[in-house]
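This report describes a single protein chain. It begins with one of its helices and then turns to the core, the aromatic rings and the overall dimensions.

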Amino acid sequence: MNEEPEVTIQYDDDVRDILDRKYYHSVIRRLRTEIESQQDRKRAAILCFEIGRIFEVQMGDLSQASTHYQEALSNHASF
């Protein structure tokens, strides 16, 4: 039998944080693209809210979170 050795990659916290931030920025870019092409203002508001949640919960950036929550409200008043 020709078995492949198991390889485990160890990341320190700084590297993990950088990778997480890159991932979340990628998600935010995709959501932003969808918002810009969105005709449904309620859907755009929901997407803005989700971006705000990512900034608040995942990235700890309350300023950006607040900006996106406000944008969600401006996209759809009943949101």
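The buried residues of α2 are covered by parts of the chain that include α1 and α3. The model is a predicted one. Within α2, the buried positions are A44, A45, L47, C48, I51, G52, I54 and F55. An α-helix has 3.6 residues a turn, so residues three or four places apart point the same way.

**Helix α2 and its ends**

The length of α2 agrees with expectation: at 1.5 Å a residue its 18 residues should span 26 Å, and the end C-alpha atoms lie 25 Å apart. At the N-terminal end, D40 acts as a cap, with a side-chain oxygen 3.0 Å from the backbone nitrogen of K42. After α2 comes G60, which has a positive phi near 70°.

Q38 sits in the loop between α1 (13-36) and α2 (41-58). With a relative accessibility of 17%, Q38 counts as buried, because the cut-off for buried is under 20%. Apart from neighbours within four places in sequence, Q38 contacts R43, A44 and L47.

**The nonpolar core**

In soluble globular proteins, nonpolar side chains tend to be buried together. Here the largest nonpolar core holds 15 residues, and those with the most contacts inside it are I28, L31, I35, I51, I54, F55 and M59. Each of α1, α2 and α3 supplies at least two residues of this core. The largest share, 7 residues, comes from α2.

I35 is one of the residues with the most contacts inside the core. Not counting residues up to four places away in sequence, I35 touches A44, L47, C48, I51 and E71. Of these, A44, L47, C48 and I51 are among the buried residues of α2.

**Aromatic pairs**

A pair of aromatic rings is described by the distance of the centres and the angle of the planes. The count for this model is 2 aromatic pairs, set out below.

| Pair | Centre to centre | Angle between planes | Class |
|---|---|---|---|
| Y23 and Y24 | 5.1 Å | 70° | edge-to-face |
| F49 and Y69 | 5.2 Å | 35° | tilted |

The pair of F49 and Y69 links distant parts of the chain, since F49 is in helix α2 and Y69 in helix α3, 20 residues apart. F49 is partly exposed, at 29% relative accessible area. In the other pair, Y23 is partly exposed at 49%, whereas Y24 is buried at 18%.

**A position in α3**

S74 belongs to helix α3 (residues 62-75). Its relative accessibility of 61% makes S74 exposed, because exposed means over 50%. S74 and A45 are 29 residues apart in sequence, and their C-alpha atoms are 7.8 Å apart in space. A45 itself is one of the buried residues of α2.

**The chain as a whole**

The protein chain has 3 helices and 0 strands, and from the N terminus on its elements run α-α-α. What is its radius of gyration, set against that of a compact globule of 79 residues? The chain has 18 Å, but such a globule would have a value near 12 Å. Along the principal axes, the C-alpha atoms fill a box of roughly 65 × 30 × 15 Å.

Of the 79 residues, 24% count as buried. Among contacts with a separation of 6 or more, residues 24 or more positions apart account for 41%.

Notes: Residues numbered from 1 in each chain as written. Predicted model: local features only at pLDDT ≥ 70, side-chain atom pairs only at ≥ 80, totals over all residues. Heavy atoms only, no water. Helix = DSSP H or I, 4+ residues; strand = E, 2+ residues; numbered from the N terminus. Buried < 20%, exposed > 50% of the residue type's maximum accessible area, 1.4 Å probe, protein only. Contact = heavy atoms within 4.5 Å. Expected span 1.5 Å × (residues − 1). Polar contact = N/O pair within 3.5 Å; in protein donor to acceptor, adjacent residues only side chain to side chain. Core = buried A, V, L, I, M, F, W, Y, C linked by side-chain atoms within 4.5 Å. Phe/Tyr/Trp six-rings, centres within 6.5 Å; stacked < 30°, edge-to-face > 60°. Rg over C-alpha atoms; globule rule 2.2 N^0.38 Å.
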